[in-house]
Structure formats: structure tokens, C-alpha cells
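Here are my notes on the model you sent, set out as numbered points. I begin with the cysteines and then turn to the chains and the contact between them.

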Amino acid sequence: MPGKLKAKIVAGRHLPVMDRASDLTDAFVEVKFGNTTFKTDVFPKSLNPQWNSEWFKFEVDDEDLQDEPLQITVLDHDTYSANDAIGKVYIDIDPLLCTEAASIISGWFPIYDTIHGIRGEINVLVKVELFNDLNRFRQSSCGVKFFCTTSIPRGYRAAMVHGFVEELVVNEDPEYQWIDRIRTPRASNEARQRLISLMSGELQRKIGLKVLEMGGNAVVGYLQCFDLEGESGLVVRAIGTACTLEKQSSGSLVNTHTHPNTAPASNACNSPSKDGKEPVFGEDLPSSSGPPTPFRNLPTSSSSPPPFSPFKPCSRQSSSSDTDLSLTPKTGMGSGGSAGKEAGPLKTLLRQQTQTALEQRGASSSGLLLNAREFPFFTLTSFPPGFLVHVGGVVSARSVKLLDRIHNPALGNTRSYKLLDWNSVTADEPETRDAWWEEIRQEIKSHAKALGCHAVVGYSENTSICEEVCILSASGTAAILNPRYMREGCLDIGSTDQRFDDPSPPSCGFCHIPYDELNMPFPAQLTYCYNCRRQKVPDVLFTTIDLPAEAAVTGKGCLIQARLCRLKKKAQGEVNATAISNLLPFMEYELHTQLMNKLKLRSMNALFGLHIQISVGENMLLGLASATGVYLTALPAPGGIQIAGKTSGDLNNEQHIQAIQKRINDTIAKNKELYQINPPELTEEGVGSPIPEPRHRSRLFRSHSESSDEVSELDLSHGKKDAFVLEIDDTDAVEDIHSLLIDASPPTGFYTCNTETMPGIYNWTTAVQMFTSVRVLRLSNANLSNQSLNKIFTDLCENLLKSFYFKLRSNIPCCLCHLNFTVAVPEEELIQVSVTAVAMTFDKDQTQERFITKGGIETEEQLQFPLELCADSSSTNAQPSSKFSGVPENTIVSPRDRCSTWLELLRLKAHTIRRGSVKTISSLEHCSPLTEGRPRSLRSSRSFGGSSVTMVKMTPLSFLPGTRIIKYLGIINMFFIRETTSLREEGGVSGFLHSFIAEVFAMVRAHVAALGGNAVVSYSMKDCVLMENPNKNQAQCLINVSGDAVICVRETDQEPMTSMTNIGQTCAADGAT
Amino acid sequence: MAVELDVFVGNTTIMDEEVYQLWLDGYTVNDAVKVRMAGGMLDECEANQDVLLSDTMDQYRTFQMCERLLQSPAKLANQLLFQIPPHRQTMLIERYYAFDDVFVREVLGKKLSKGTKKDLDDIGAKTGVTLKSCRRQFDNFKRVFKVVEELKGPLVENIRQHFLLSDKLARDYAAIVFFANNRFETGKKKLQYLTFQDFAFCAGQLINNWTVGAVDNTVEDMDVDLDKEFLQELKELKILITDKDLLDQHKSLVCTALRGKTKAFAEMEANFKNLSRGLVNIATKLTNTKDVRDFFIDLVEKFIEPCRSDRWTSADIKLYLTHYTNSAHILDSFKHQAVWDRYMGVIKSCIYKMYHD
């Protein structure tokens, strides 16, 4: 009995009328945890009941504390018939299990019903008393901190990064159980919500156990996803990076750049590999006896060919070859490479062979045996300085699987039943989900190895499911990390490998190629680094990580998207899966070509935050690649784009080509100006500074036949070697060029990126506006061609962006950061695009000053902004004054801290809004000083109400500009289902989804506020699954969101009690502030 | 190919004041888009018609969802669904409760009943206010009326606190409630020249001086009902016109004071008895509910119209009424000074307001 959970139900407000006769409600509350239920008294005839209950106490295992949510049900008492449920609140008590996070949950929660939405609010207090349990074999992992943030959280220092943790939990989906036929939709939805809540709790606990085993105390970059597989079940899976985090004390500010290597004592004992023989990157890290540069030699020393298939010989970019690599798994071949795809049954064997080959390689170079279970993957996307040594390029892998429902051996109550691999023809050896992912991860690992890298950073996994077909994807960036940060006590690895002592400057070091230039895994143009001139760099660099803060960048960046639709025939089962896996390579290739062209068109040479999503529908595949393009100063200038016609001689055609060529050149010139790309002219043709500009262009052909013969033929015909040529040989190509040019650049005052911040913009104001937008398009014409589909899809994305610009015009000048597009094909002929992003306003005056202190301008009066909008005299509710005193002492954020940022936002709005300007007079009225207690002046009574609502900021970024995070309160991970049988009455699908998203935001904010927080960082909407049936007037939607609840204060505020500064993250913070 | 669904939800609810006004004014989405296009919105941020349409739809949806909260503004401040900064909340409420003077002029003094609501389309057609907007305004009046009906304390303050309105708007609503409650006749042709603001001013005067609340601020409906006792006492003023001596004395006092101060002196002298009879008769009849309703029409017929036909200026009116009121104090046999002041104070300011040159 290692824990006592206590809950108190205080009051309700705004309850719905449940009794038509009296227009009132007789409400009472059931509080349930595990199998124990308590009830409050009925508070008769009120829409604002005051239960003020006793403390309900649950004595429970900490294992249950982690798995189970506290379930609060509000009901209407009915003497004669069954009590009607008003709604529920699920409270995840995980944040209370961590001493450093929140210590009490206290606040108003929206009462949520899956059919009616939010129906009033309930005020609840929750506390946990944990008893120390030293049982070594415990199943709980209380105390392990979880962060969605994909960097080292602010205020912490990574004492050690342990590496990849993953786990998945499988269950039957209650929606597809037989009982679902007889129960109400509400019961079914609630069963689902509860199950997923339980599963995420269990998953988190299991991951926590793994972290403890590894000796860590936190998971950073925690990414949890749901796979709704329909009848074959429900999968909840998560990946993350295990770390040992240390709170930064004010004393250790200076040395954070070098991250002292002292591991905590506990860590040394707990770590399964304290002897140092099995470092985190076991297979890659050389022991002291190994050759000095084992990585570089890796491909050479290996006897087996690098495991990627030579699909596209003419593509010369590192990342393109990475996407090549990713083609292999679609054949179901694992890392087996070029052996045929029909070799299904042989697959495992082949993989084993490859495996052994890899192992041998690993052994030969480092003398260590490969531990196949361990993956050197990191879900982090930004790193402390010095952490990232070199970046190889994007590695990705995809695999098409068939979710088998016929041969499902475990329909019943087994928790993890097996699913069949469509590729294993024999069907005798069904593979589990674990095995599928294992296979993909192996693939990724081998790709990274082929790039001479020992690690994969910015790693993520996702799925797309349509009926019984499932595409599993994983991607990341191959990289070499500084082992000093990985493993303490691992002696002199760092010093033996010269690359870790590489004195290359941080502004370009990461661009330097990690692979051996004589033995390149793919054809690429190498030049000496334009920054340091000492090492080779590729001509283009694609990565999935954030732009390192120390990177030297010329000009600004912008969002670059490649969009693609491919029709496919409707099919079933294996035929369908095969069709999809056959299409995938072409899609990846096309997406890559588009990205490359658009990058060149913007005169940029690197992509960050690359995310390629391929979504499968019944009759089409959608591909969307988003990334932020920048011009890395270290990389060579990109060449232009040459247009070539195949049928020369035709005068008309020639003119046409010239016209297009001119447009392209103009666009490039315009973009250069727009993004302020003026690289320093290199006059000296030094040793490294290579090939003169015109020749220094890579070639890429836009044609479907890409045999090497044609390459040479074309080379001759144009005589311009290495020119980046777009060839117009058919209408396809013309369309492509048009679509290339169709992308409108953002209007003046707007910048876009899908990374954390935009290079070249430093002086953010505190004005942030997070938003979610969803658009669904119905394709009315069934006989669309690929081309017209592409156009429709492209327009859909472009129009969305245009809408954002317009909606957010009052925030100008601003940058839309972390633009995260998600595509889906919910039904045949439907395309759904969901976007979550944040608009961040910056000061027009783009001084290079990195730390702008805005606080000075603030007048004292404005800062004193009442947090609590005082109660009106007539509101007689005896709201206990403990409502806010419930906030723990150590998390005190003075009202002015919480709100002054808001005020600034308002002020800024008032400044920047052009039309329909904000009335600021009244806001000043509200600003009446509230310092002397809580005076209830007549003025403030205008904003009455029994309590106050804390403003909660939300952002998909890991920080809020102009503020300092002083405390992480825990992870927010919520799953909601909403269903309606009166779609028309709710304003159609748009009305339905609009209110649902607003409700989800409200519930997230309420939970954060109840934890004592005032912001959510690293917020993301992982799933938004909408199903509609307008004919039946029905719709259902599932939304999954996550983020980190935090307390932040204005950067300028002195907070003596919490003087930890976030130097550990200066890399990110610098860019941020 | 059609957009099946299109939503945009901000963590901080984005609301455009211009669109809000169009929504309040009862424009349909398509009309609103046209208005916005005509207003030059297309030039902003490279917008096109689709963008405007999508934005307008989004905003309309948001407003519709907010409407429930706006109807009990207190909820807006502590609801959780929309995160709206306090000053924006104030703006939303203030605008929601704002009304068109032309519209309110039509329903002023009418019973806020279903019957009146049925006539809204006629009123809409007459005033050029859309039916949707008429309904909102009418429902607002009704809602405010219902809430304050049962409350103790000062009317204006109650409205201000319950509906979180500005002082000005709260006063206007107080006037509307007061008129609706006492069913003052305002629709007659002779009263057409008066604006809502004229009436609102008069209502303020009546509320402050003639209601129960003017003497005792603890009773229910104190600001809505006229002080019955006071109305009874008004009967005593009759002596001013029934007692021939008193009337003559009064006249001579006033004429002495006015002589040489105005061009209209002759008319004033000639009309004194008529005018005085008119004003005192109004006072004495106010115990009848019917006559209360006709209070404004009586003022116009018995006083304002005769003066206007004699081309008095506003200054003349002021001068006359001042001396008329003050002279009564010098009359030895007139004992009802307090009631007289309470009565004439209001009459004076109402007539000033209602007398348009």
C-alpha cells in the first residue's frame, strides 16, 4: 500500500438543466479510482451546487496510481428512474507522483460528456501521499519525469543521455467488441476513453521502468501514439529518450557548455553496463583498442555492400539516397537490400544474415558484439552545444503490413495478441507489433551505419492505417554524437576518436560529412566547408532535427512543402498491400524531387525538421513532406534550375522554355531578396573552394526512365555538366514546373517554418497565438487524374496557409513556427489536412541584439493586472477561499507574473492591429491596482464570476518567448472522443469539430491551471480522426493531444527563490529570445 | 470538389470586430463577405474571396457558440471554453447589448411580449434593421427586463452588474426597462420627433426623482415603479390653478420677473394661465395609470406645442420655467413647496430635453 490518493469535490457551476419541470438539477458526484467508488451527497435543485465534500481517500498501489486515472462522474439524482449522467472528468494523477512536479491538483475542470460536450464545470482538489518503497522488484516507476519537449528541458542539465526507450501495449478496441452492439454510444465512447487512458498510464509506467533500469530519471522527447486498427485492435505505443537530468542550480551556470561528466552515484549502480564494455552505442563506439577512426572506415572495412538498394543512380543528394534506403523495407525485406521482394519466407533468414554481417562489422571495428536490442536512437531534435558532432542525412524506412483479422488467434481477452505479417506467406509465424517496429528500427540503424554514423537523432515513428493495410514509417537523421554526453565512466573514447576532438567550429562542424569521401555511400558533390575550409561538406543537407542554434545561417528560412497524390486501384488484402508498397518508392522519389526543386528555387541548401508523411486511403495515397529550408553558410551555394526541352528545334517550344526559364530565374532572384540570402562572395579560390559556380550544380532528371544510358546521353546533349536540369519532355513535367512556381511566398510581414524558430529572427515579443485548423475536401469527380489530384491537394495546402496569413494579420510582423501539417484520407474521396502551429510576433526592429528586454517599457500600472477577476457582490456562492490558496507554495507565481505577459500581448495587439482596433480603454480599467489584498471595487465587479480563469498559453514550441520556464509540472496526455447524432443542429461537421477542438483546448487549459501552471509547451495534436455520416446526421471524432504543463515567468522578472537559469539550453534559448 | 469541413480554432479565440459587427447586424455570411470585400479586405495579406469566406464562416461559428454566454455575460468571465482576454470580453458584451436607436424608438414603451415580437418584421422593414438584429435587440431588452424585475437596489447598478455593461449602456437599458414597465406612450405621431436619447434622458430624471427608489432604496422594483405617495401628493398642487387669487398672483410674479428679458414676453403673458393649467393638470392626473402612460404626449400637447407655435426659443423655455417654478415659492398661501420642487424639477429638465427648436 504505497500510496494514498485523496480527492475532495468542492463545487460545480454552470451545470445543465436536467429536470425540465424545475429548470434545475439535483447533482451529486461519484469519485472512482480503480475499483473503489465514493459518492457525495445530492445537492438538490441547483445549477451551481456546493458539495464541499469530505476528503475521499483511496489506498492504492503506486502501480495503479500510474496506470489509472481518477474518474469523476457528475450525475443528476432521480428518485424514480435511473440517475442521469451529466458528464465526466478524468484526472491523470501522474504529475503528483513526481516530487519535482505538481503537489496538488486544484481547480475547475470542464465536465465532459462524449455526446453533449462540455456541460458545466466542477471544482476538485486532489492530493497524493506516497510512501517510500524500496522494493527492487517493484512494477511502478514513480518519479521518472516525462517530457514531450524534444530538447533538454529548460532549467535542467543532461548529466547523461542513456538512449532510446520504446514500448507498446495492445488491446481490443471496445468500439469493436460484440457488446458494442447493445450498449449506448456514450458507454462505448467512455469505455474507449477509459481504456486508452489506462493503456497510456501502463505504457508510461513500463517506459519508466526501463528508464530506471538504464539508470536514468527522465524521458525526454516522449512521443506517444495510438493506432486505431479497427477490428484488429488498439495499439498504444511510445518512444522517447532516457536521460539523467539534473536541476540546474544557480551555481552551475557557467560550465553547462561542457556538461560535467559526473554521473550520479545511483546511476553508476543501476546501470546495467557500468563496466563500460557495453556503451550506449555498443556496436558503434570503439573501445580504446579500436582503430582511431572506426566510423569513417566502417564502410571500407565491411565486406558486405552497404545495405541500401541502388534505386536511383542519378540522384546525388545525400538525403535522396536516404530515401532510397527507405525503399527497401517496403519490399518487406528488412535491411536485406536488393534481394527480391518475393523472397518473403526467406526474409527472416536474410535479415539474420545481414544482421550477422553488421555484427561482424561492428565486431571487427570495435571488438564489441552488437546488441540487437539496443538502438542508438534519440527522439531529441535539438541538443546542447557540442553534443552533435556531425550530421549525415535523413534516414527513413517504411513498411507495409496487413492487419489480419481472420487468422487472429487471440480474439478474446488476451492483452497482446499477435497480428499477421502480410508478407509471411506461410502465416505460420505471425509477427507481433514489436517485431514490426524492431524490423524498421534495424533498417534505420543500418542506414545510419551506411552513412558512417553511429546514431540517429530527431527520430520519430508513425503509422497510417486504412482498413486492414498499415504503413509503418520511421525516420530520423543519421548523426555522430559526442560520446562524452552519452556515457560517463566510459573513459577515453572521446580522446581516441579524433573526430570528437575535432576543432571544427560549432557553426559548421555538424555539416561536415561523417562518412568517408572515398567510399561514399551514395553519389554526392563534396566541397570544402565554406566556413572553416578544413573539412568536406555535401552540397545539400536534409535533416529531421531543428536547426542547431550555433549554426551559421545566411538570411532567413522558410517552410518548404512537397505534396503528392497518387491514385491506386481499390483492392483487398495482399493485392492492396503490394500495390501500395509498389507505389511508395515512386512517391518518395517524387516528393524528394519536389523538395529539392523548391529548395533550389528558394536558393537554399539545407532542410531542417523534414517530416514526410505518407497516408493511405482506399483509392489513393497522399504524400506530404514539410521542412524548413535555410541557407547554411558552410554549404556551397545552390545552383539554379535549368529547363531543357527534349524536342529541340521547335521554335514555339523554345520560346516557351525560355519563358519558363525566365520565370524560374526571376523567382530565384526574388526569393533571394525575400529571404535575404546574400552569401559572402568568395573571392579566393582556395584549396577547398572547388568547382566554379556553373558547374557546381547537381543534376536531377525529371523523367520516369532513369537508366544510366539516358544520363550520359543527356549529359552530352546539354554539354553542361552538373547543371540542375528540369526536362520538359511531357505534360507531366510542365505541370510540375507550374506547381513548382505556384507556391506563393508568404505576404510581407510573415515568415513560416516548421522548426522551433526561424533563423535570423531573435527579438520575439511575448505575443503568441497557437491554433489548430482542419480542412476536409470532398473530391466530387471520381475520375480524377494524378495531375489534377496533385493540383487539388497543393491548392488545399496553399489555401490553408493563405487563410492563416489572413487570420493572423493582426500579429504582423510574425512568424508561423512549428507548422505541423498532417494529412489523412478518412474516407474515399475525402482529403483531410490538419495543421497546428503558433504565430509568434517579433519586433520589427530586427536588431541583432539577442536578448531583448521588453520589461523596461512596461509601466508599473500596466503590470498590475488582476489575475483573479473579482467576484460580484451578488454571486453568493460560498466559494472557499482555498480555491486558489490550493496552489502549492513553492509554485507561487504572483498574479502579475501570470498576466503581465498577457497584458503585453494585448498591448501589442493594440499597437499592431490595423483595422477594427482593439479597445484598450477597458483593459486599463481592469488594471486597477490589486496589490492591497483583493479589493472588490465596483469597477472590477464588472468582470464578475465566482472565480477567475487563469490564462493558459499554449505552444507547440519548447519555450515561450520572453518568458522563463521555472517549473515543469508534468506531461499532459489526453484522449477525447466526441460523438453526435444531431450533426445538423450542431452546425454541420464544421460546427461539430469547431466546438470539439475548442473543448479540447479548454480541457487542456483547465488541467494545466489545476496543476498550478500557466502554459503548455511542446503541445501537439497527435491524432484527429473524424468520421461522419451526414445522411444519418451523425459524426464522431477522436482527438489525442499532448504537451508539457509548465509555470513560466517573464524573463525580466527577478525570482530569487527560483534562480535556476536555463543556460543548459542556451542553444535553443538564444535562438528563442 | 467541395470543402466539406473548414475550421480554425485559436487557443486565444480570434475575433474580428468588424465581422462581429456584421454578425450582430444580422448579415448572412455571404453578405458579410461582400461587405468585407467592398471594404478593401482583399488587399490585406493577399486574401481572396475563398479566404474571406472561410474566415467569415469561422468567425460566425465562434460568435454563435459564444452567443449563449453573451446572454448571461457573467458566465463569459468564468467559462472555460473560450479563452478571451478580459478587455475583449468587455467589447463583446458591450457590442452584443448595443442597439439601434431607430429600432428601440419603435418598441419603447411597448410591452415586451410575444405579440410585440411578432411585429418585429414590420419594425425591421420600417427601420431598415435586419430581422435577426431586431430579434437580438428585442430579446436583450426582454432578458434585462426579466432579470432586474426581481432585484432590489438601484436599477442602473443592477443592470451594470448583471450584464457587465458600461455606465452609459446600463442607463439606456434602465430607460428601456422603465418605459416598458410603465408602458409610456411614445408611438403617437406628435411624439415622433423625439429621439430615444430624449426619452432616455427623461427616464433617467423620472427614475432619479419620482420613483420609490428616490426616497427609499431598499424596496423591490424601487426604480421601476413611480412613488405612489408622491403621486397622491401631486393632487395638492391643484390649488395653483383652482384658486383664482393664487393663479393671478403667480402670473404677476412670473411676468414681473420676465418682463424685458425675452422677445416672447407677450406670448408668455397671454398663455400663462393655459400653460400653468396644463402642467398642473398633468401632475394631478398622474395617479391614473392611463394618464401616466400619456405623460409625454400630455407634455407635448399641453406645453411644448403651444410654445412652439409661439416660436419660443429654448432659452425662453428655460427662462420661463425657471421663474415659473421659483415664483411659486414666494406665494404665501402655497404650502406644497417640496412636492412642487420634486415635480417641477423633473418637468423642467424633461421639457428642456424635449423642446427642439
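1. A disulfide is taken here as a pair of cysteine sulfur atoms within 2.5 Å, and the coordinates to which this cut-off is applied are those of a predicted model. The sulfur of A:Cys753 has its closest cysteine sulfur in A:Cys817 at 3.9 Å, which is too far for a bond. A:Cys753 is also buried, with a relative accessible area of 0%.

2. Why is A:Cys225 not bonded to A:Cys148? The closest cysteine sulfur to that of A:Cys225 is indeed the one in A:Cys148, but 11 Å lie between them, and that is too far for a bond. A:Cys225 counts as buried too, its relative accessible area being 10%. Over all chains, the search of the whole structure returns 0 disulfides.

3. As for chain A in general, it contains 19 helices and 31 strands, and 64% of its 1073 residues count as buried. If one takes the contacts within chain A between residues at least 6 apart in sequence, 79% of them join residues at least 24 apart.

4. For chain B, the domain assignment gives domain 1 (17-97), domain 2 (101-183) and domain 3 (228-354). The centres of domain 1 and domain 3 of chain B, taken over C-alpha atoms, are separated by 51 Å.

5. Helix H1 of chain B, residues 17-24, is mostly covered, since 7 of its 8 residues are buried. Those buried in H1(B) are B:Glu17, B:Glu18, B:Val19, B:Tyr20, B:Leu22, B:Trp23 and B:Leu24. The cover over these residues includes helix H2 (29-38), helix H3 (49-70), helix H5 (86-97) and helix H9 (131-149) of chain B.

6. The two ends of H1(B) deserve a separate comment. At the N-terminal end, B:Asp16 acts as a cap, with a side-chain oxygen 2.7 Å from the backbone nitrogen of B:Glu18; just after the helix, B:Gly26 adopts a positive phi of about 80 degrees. The side chain of B:Asp16 also meets that of A:Arg809 in a salt bridge, at 2.7 Å from N to O, so that one residue is listed both as the cap of H1(B) and as a partner of chain A.

7. How many residues does each chain give to the contact between chain B and chain A? Chain B gives 56 residues and chain A gives 80. The area buried between the two chains is about 6000 Å², and carbon and sulfur atoms give 59% of it. Of the area that chain B buries against chain A, B:Glu4, B:Leu5 and B:Leu80 supply 13%, more than any other three residues.

8. Across this interface the rule finds 5 salt bridges, and 23 residue pairs are in polar contact, counting pairs with both residues at pLDDT 80 or more. On the side of chain B that touches chain A, the elements giving two or more residues are strand S1 (2-10), H1, H3, helix H4 (73-78), H5 and helix H10 (155-163).

9. A last point concerns B:Ala174, which is placed in helix H11 (residues 167-182) of chain B and, at 1% relative accessibility, counts as buried. Leaving aside neighbours within four places in sequence, B:Ala174 is in contact with B:Leu155, B:Val156, B:Ile159 and B:Ile207. B:Phe141 is 33 residues from B:Ala174 in sequence, and the two are 9.7 Å apart in space, C-alpha to C-alpha.

Methods:
Residues numbered from 1 in each chain as written. Chains lettered and ligands numbered in written order. Predicted model: local features only at pLDDT ≥ 70, side-chain atom pairs only at ≥ 80, totals over all residues. Heavy atoms only, no water. Buried < 20%, exposed > 50% of the residue type's maximum accessible area, 1.4 Å probe, protein only. Helix = DSSP H or I, 4+ residues; strand = E, 2+ residues; numbered from the N terminus. Contact = heavy atoms within 4.5 Å. Polar contact = N/O pair within 3.5 Å; in protein donor to acceptor, adjacent residues only side chain to side chain. Domains from an automatic or database assignment. Buried area = accessible area lost by both parts, 1.4 Å probe. Salt bridge = Lys/Arg side-chain N within 4 Å of Asp/Glu carboxyl O.
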